[in-house]
Amino acid sequence: MFTPHSFGLALVMMVTAAICWGSWANTFKGVKRYRFELFYWDYAIGIFLLALALAFTMGSTDNGPASFINNVKSADAGNIGWVLLAGVIFNLANLLLMAGIDLVGLATAFPVSIGIALVVGVVLSYVQEHRGNLNMLTAGILCAVAAVILDGKAYGELKTGKSATRRGLFICVVAGVLMGLWAPFSTRALTHGNTLGPYSVAVFLCGGALLSCFIWNFYFMKHPLVGEPVDFRDFFRGPTHGHVLGLVGGAIWSTGLVFDLVAAHFTGISISYAIGQSAPMVAALWGIFAWKEFAGANRRAKVYLALMFVFYILAILLVARANTAS
C-alpha cells in the first residue's frame, strides 16, 4: 500500500485532510431548497465508494501483507466490528452536524461541534492511556471550551430567533459529543491485535456509516429536526445537481479521512488528530467569507469570532504539544 516516506509529504496529506473535512459541507450549501436528509443518501454513498476506490488503488499497490485485501483477511474480526461501530456513531454525529449547519450555518456549527469533539476525544484518550502532558492537555481543553462559547456568543449577536439559536447550538453540542466518541474505536482497530491498515479502516468506517443510514437517516426523515417529514420517494425526485453534489461532498470527506489515516501511519495518530482538528477553522472561513453568514454582524460578534479563532488555534497547538512532549 502507499504510505508517505517523509514528514513533508505526510504533512501535506494531513493539511489536505483538514481542508477536505472543512470544505465538504459547501456541497450541501450549494444545493438550494434541498433537505439534508435527502442529500445525505448521496453523501453516504460517496464516502463509501471513494474509500473503496482508494483501497483498491493506493491501498493495493502490491500483493504484500499490508495490501487492502490481504490486510482484511489477516485482521481480527473484533477490529472490523469496532470500526463498523465507529462508522455508526460517526454517521449519527454527522447527520446532527448537518442539521446544525442547516440551523446556524457553517461558521458556527463546525467550530462548536468539533470543538466539543476535541474536548471529548482528548479526555477519552487520556482516560484510556495516561499519555501526554496533563497540564498542557487541560489548558488545551479549556481553550477549546472557550472557543466554543465565543462562537456561540458570536452567533447569538445575530438577529435570529432565540429559540432557533438555542436549538441549533444544542444540536451542535450533541453532535460534538458523538463526534468525539467514534475515534477511539477506530484507533483501537489501528493499534491492537492483528490490526487493520488505514485503507481498511476507511472502508469499514464508511461502510458502517452507509449501512446505518437505514436507521439514522430514515428516522430523521420521519422525525426531522428541521422542517416537515420527507418521504424516501422524494430522493428520486431530487435535482440532478443535488445528487452530484452529494456524491462529490462524500468523496471530498472520504479523501480527507484516507489521507489523515495514511499520514498517521507515518507520524502517529496524535499529530494527525491535532492537525485534522483545524478543519473547523476552514469551515468557519468558508461560512464567513464565501456564504456571508455573518454579513451585517455587529462589532461585538466580530470580536467574538476573532477570539474564537485565537482560542481554537491555541487549543490545537496545546493538544499537539502535549501529545508529543516527552
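Colleague: Where is the place of Lys 292?
Modeller: This is a predicted model. Lys 292 follows helix α14, which covers 279-290, and comes ahead of α15. Its place is the loop between α14 and α15.

Colleague: Is Lys 292 buried or exposed?
Modeller: Lys 292 is not a glycine, yet its phi is positive, near 55°. Its relative accessibility is 53%. A residue counts as exposed over 50%, so Lys 292 is exposed.

Colleague: How are α14 and α15, on either side of that loop, oriented: parallel or antiparallel?
Modeller: The axes of α14 and α15 come within 11 Å and cross at roughly 165°. Angles over 145 degrees count as roughly antiparallel. Therefore α14 and α15 are roughly antiparallel.

Colleague: Is the crossing of α14 and α15 left-handed or right-handed?
Modeller: The angle between the two axes is roughly 165°. As for the hand, α14 passes α15 in a crossing that is left-handed.

Colleague: Which residue other than glycine, in the loop between α2 and α3, is to be noted?
Modeller: The loop in question runs between α2 (26-29) and α3 (36-56). A residue there has a positive phi of about 55° although it is not a glycine. With a relative accessible area of 84%, it is exposed. The residue is Arg 33.

Colleague: How far apart are the end C-alpha atoms of α7?
Modeller: Helix α7 takes in residues 134-156, which is 23 residues. At 1.5 Å a residue, α7 should span 33 Å. The model agrees with that expectation, because the end C-alpha atoms of α7 are apart by 33 Å.

Colleague: Which residue caps the N-terminal end of α7?
Modeller: The backbone nitrogen of Asn 135 lies 3.1 Å from a side-chain oxygen of the capping residue. A polar contact needs a pair of N or O atoms within 3.5 Å. The cap is Asn 133.

Colleague: How many nonpolar residues are in the contact of α7 with α15?
Modeller: The axes of α7 and α15 (residues 299-324) come within 7 Å and cross at roughly 160°, and the two helices are therefore roughly antiparallel. Their crossing is left-handed. Two residues of the contact are polar and three are charged, while the number of nonpolar residues is 21.

Colleague: What span should helix α1 have?
Modeller: Helix α1 covers residues 7-23, and among its buried residues are Met 13, Met 14 and Trp 21. It has 17 residues, taken at 1.5 Å a residue. The end C-alpha atoms of α1 agree with the expected span, which is 24 Å.

Note on methods. Residues are numbered from 1 along each chain as its sequence is written. This is a predicted model: local features need pLDDT of at least 70, side-chain atom pairs count only at pLDDT 80 or more; totals for chains, interfaces and linings use all residues. Side-chain values use heavy atoms; hydrogens and water are left out. Helices (H or I, at least four residues) and strands (E, at least two) are DSSP runs, numbered from the N terminus. The expected span of a helix is 1.5 Å times one less than its number of residues. A polar contact is a pair of N or O atoms within 3.5 Å; within protein, one must be able to donate a hydrogen and the other to accept it, and residues adjacent in sequence count only if both atoms are side-chain atoms. Axes are lines fitted to C-alpha atoms, for helices over the stretch in contact, and angles run from 0 to 180 degrees between N-to-C directions. Angles under 35 degrees count as roughly parallel, over 145 as roughly antiparallel, 65 to 115 as roughly perpendicular and the rest as oblique. A crossing is left-handed if the near helix is turned anticlockwise from the far one by less than a right angle, and right-handed if clockwise. Ala, Val, Leu, Ile, Met, Phe, Trp, Tyr, Cys and Pro count as nonpolar, Asp, Glu, Lys and Arg as charged, and the others, Gly among them, as polar. Buried means under 20% relative accessible area, exposed over 50%, partly exposed in between (1.4 Å probe, protein chains only).
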